[in-house]
Amino acid sequence: MNLIKESPAWNALVGHHQHMRNLHMRDLFGQDAERADKFTLGACGITLDYSKNRITDGTMELLYALARDADLAGWIGRLFDGEHINITEDRAVFHMALRHQGETPMRVDGQDVMPLVRGVLDRVAAFSQAVREGRWRGYTGKAITDVVNIGIGGSNLGPLMVCNALKPYHDGPAVHFVSNVDATHLAETVRELDPETTLFVVASKTFTTQETLTNATSARRWLLERLGGDPAAVAKHFVAVSTAPDKVGEFGIDTANMFEFWDWVGGRYSLWSAIGLPIVLAIGMDGFQRLLRGAWEMDTHFQQAPLAQNLPVTIALLGVWYVNFFAAESTAVLPYDQYLQYLPDYLQQADMESNGKGMTRDGIHVTYDTGPVVWGSPGTDGQHAYYQLLHQGTRLVPCDFILPLRSHNPMADHHPKLVANCLAQSEALMRGRNEDEARDMLVRSGMDEAMARALAPQSVFEGNRPSNTLLVNQVTPETLGSLIALYEHKIFVQGVIWGLNSFDQPGVELGKRLASDILGDFERKMPSPEHDSSTAQLIRRYLEHQFLTHLDQD
């Protein structure tokens, strides 16, 4: 394949950028009273205002041409046709089937997978209902009050983010999450829990993930030490989400309580599968089905909407515009809703693990930037932390503001103030403040003219900093499903443009292998000669510390 950098649209965008780089959005708004309407799209309960971007009609025409040059429509077709577009692992990428609501078949390798999907969903529904109604009992006969999900990566971040986002809909057991292999995470989680009423969900596709199995083994020990040591207790307090029944059985979990998913479900796209069991336990199957429906509606929109009306395509191309033509190194996701506090973390993994790559799917080293650093935090907290850099720093950071128009907690005037802050920040990033405006502001505040003139340069905001604003009426299961799917498809579109396989993660594997090697060094009580001198020294320091600690304990 040819790199996208060699396409006609890319070269046209290079020239167009030379024209756009000196235009200010303040002037663009002043020249076009219809700008906001022109650059606003809506679908699936989401309104996207992308007018505060450094774009014109011509910019968007060239970006949509870039998508055509990359054969985006063809790739969307291959995605939804179940082709093996994850070429390094020879797998389909078919998480959309998990939320498919139509009657049409969804085929992988000629097989309609919908009966399998619905079968697992039925089992998840039956099990979760038994737990939520108190019919599933622990080893001592008590009903379950707390659920601890043990997973990592997508097996943790997806359910964690959704459970937190949908807290207003919780009517089941309390749900907790353990992911970090640091024992503190598990210890602090179970400290206040009653083992007689706690259920553990162990989420691991292969049931070999080091962090997950370490935490699960320690959780099992914690349970047995407090329930008399009978191994039969494990089957009453542990269930698994996995594809490895033999390993699940070896652990002591009844395989009748194992919920499967398939190799065409990537970890960071798996919350829609049985990995979402903690979500179902928290909000019920009806709520989970609403989440799936919202995502399916966005899938349908993504497949059917023309490029210029397509939310995921548009937001993805704007990201390409800044990464590749304005040298933006990161993008900020800024939800003005406390319930969405884990959304930036979730999207960080989804985006950076998918498109954090420097080689195309055909094995060619790219000569342009790919996936940006994704980061952010909720609401006004960020305004008192890093917004200074967003406004006056030397780095361009495109921002996504995510704002519900209605709060689940309409207390006094909190929500109007939250909304006002969100809208003000996007306007300030766009407008900025020139020196005359800064001087006038200082004078109005009571400062004398000479001092105001001297200090005005410090209060200048360049502005012209791009942002999108995504509005939803309220964070509901449906709108959350649509929002997550929008970002999933955005990531896919950018991967297509950059020529990447967005669905493998070879960079993750190297660290796993080296960690395993170092554990072997710990057992041998000496570093391997294959290590560099720094790593070898650090291993020796750890071993020496362990030896001295052991002497102290003796």
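## Exercises on a predicted model

Leaving aside neighbours within four places in sequence, Val320 touches Leu66, Phe325, Gln494, Ile497 and Trp498, where contact means heavy atoms within 4.5 Å. Before we dig in, some ground rules: this is a predicted model, local features need pLDDT of at least 70, side-chain atom pairs count only at pLDDT 80 or more, and totals for chains, interfaces and linings use all residues. Residues are numbered from 1 along each chain as its sequence is written, and side-chain values use heavy atoms, with hydrogens and water left out.

**Exercise 1. Place Val320: which helix holds Val320, and is Val320 buried or exposed?**

Step 1. Find the element: Val320 sits in helix α13 (residues 311–325). Helices here are DSSP runs of H or I with at least four residues, strands are E runs of at least two, and both are numbered from the N terminus.

Step 2. Check the cover. Val320 has a relative accessible area of 0%, so it is buried; the cut-offs are under 20% for buried, over 50% for exposed and partly exposed in between, using a 1.4 Å probe and protein chains only.

Step 3. Look at one contact partner, Trp498. Val320 and Trp498 are 178 residues apart along the chain, yet their C-alpha atoms are separated by 8.8 Å.

**Exercise 2. Do the same for Asp299: which residues is Asp299 in contact with, leaving aside neighbours within four places in sequence?**

Step 1. Go to helix α12 (residues 277–304), which holds Asp299.

Step 2. Asp299 has 2% relative accessibility, so it counts as buried.

Step 3. With neighbours within four places in sequence set aside, the contact list of Asp299 reads Phe80, Met96, Arg99, Ala485 and His489.

**Exercise 3. Work through the salt bridges: how many does a search of the whole structure find?**

Step 1. Start with the idea: side chains of opposite charge can pair when their charged atoms come close. The criterion is a side-chain nitrogen of Lys or Arg within 4 Å of a carboxyl oxygen of Asp or Glu.

Step 2. Run it over the whole structure and you get 24 salt bridges.

Step 3. Pick some examples. Glu133 and Arg135 pair at 2.8 Å, N to O; Glu133 is partly exposed at 46% relative accessibility, while Arg135, at 51%, is exposed. Arg191 pairs with Glu188, with the closest N and O atoms 3.0 Å apart.

Step 4. Now take Asp517 and Arg513, whose closest N and O atoms are 3.0 Å apart. They are 4 residues apart in helix α21 (residues 506–524), which means a separation of about one helical turn. Asp517 is partly exposed at 32% relative accessibility, and Arg513 is partly exposed at 47%.

Step 5. Look for shared partners elsewhere: Asp436, Arg439, Glu449 and Arg453 are joined into one network by their salt bridges.

**Exercise 4. Zoom out: what is the radius of gyration of the protein?**

Step 1. Count the elements: 22 helices and 13 strands.

Step 2. The radius of gyration is 26 Å, close to the 24 Å from the globule rule for 554 residues, so the protein is as compact as a globular protein of that length. The radius is taken over C-alpha atoms, and the rule is 2.2 Å times the number of residues to the power 0.38.

Step 3. Add the box: the C-alpha atoms fill roughly 80 × 65 × 60 Å along the principal axes.

Step 4. Finish with burial and contacts. Buried residues make up 52% of the 554 residues. Among contacts between residues at least 6 apart in sequence, 73% join residues at least 24 apart.
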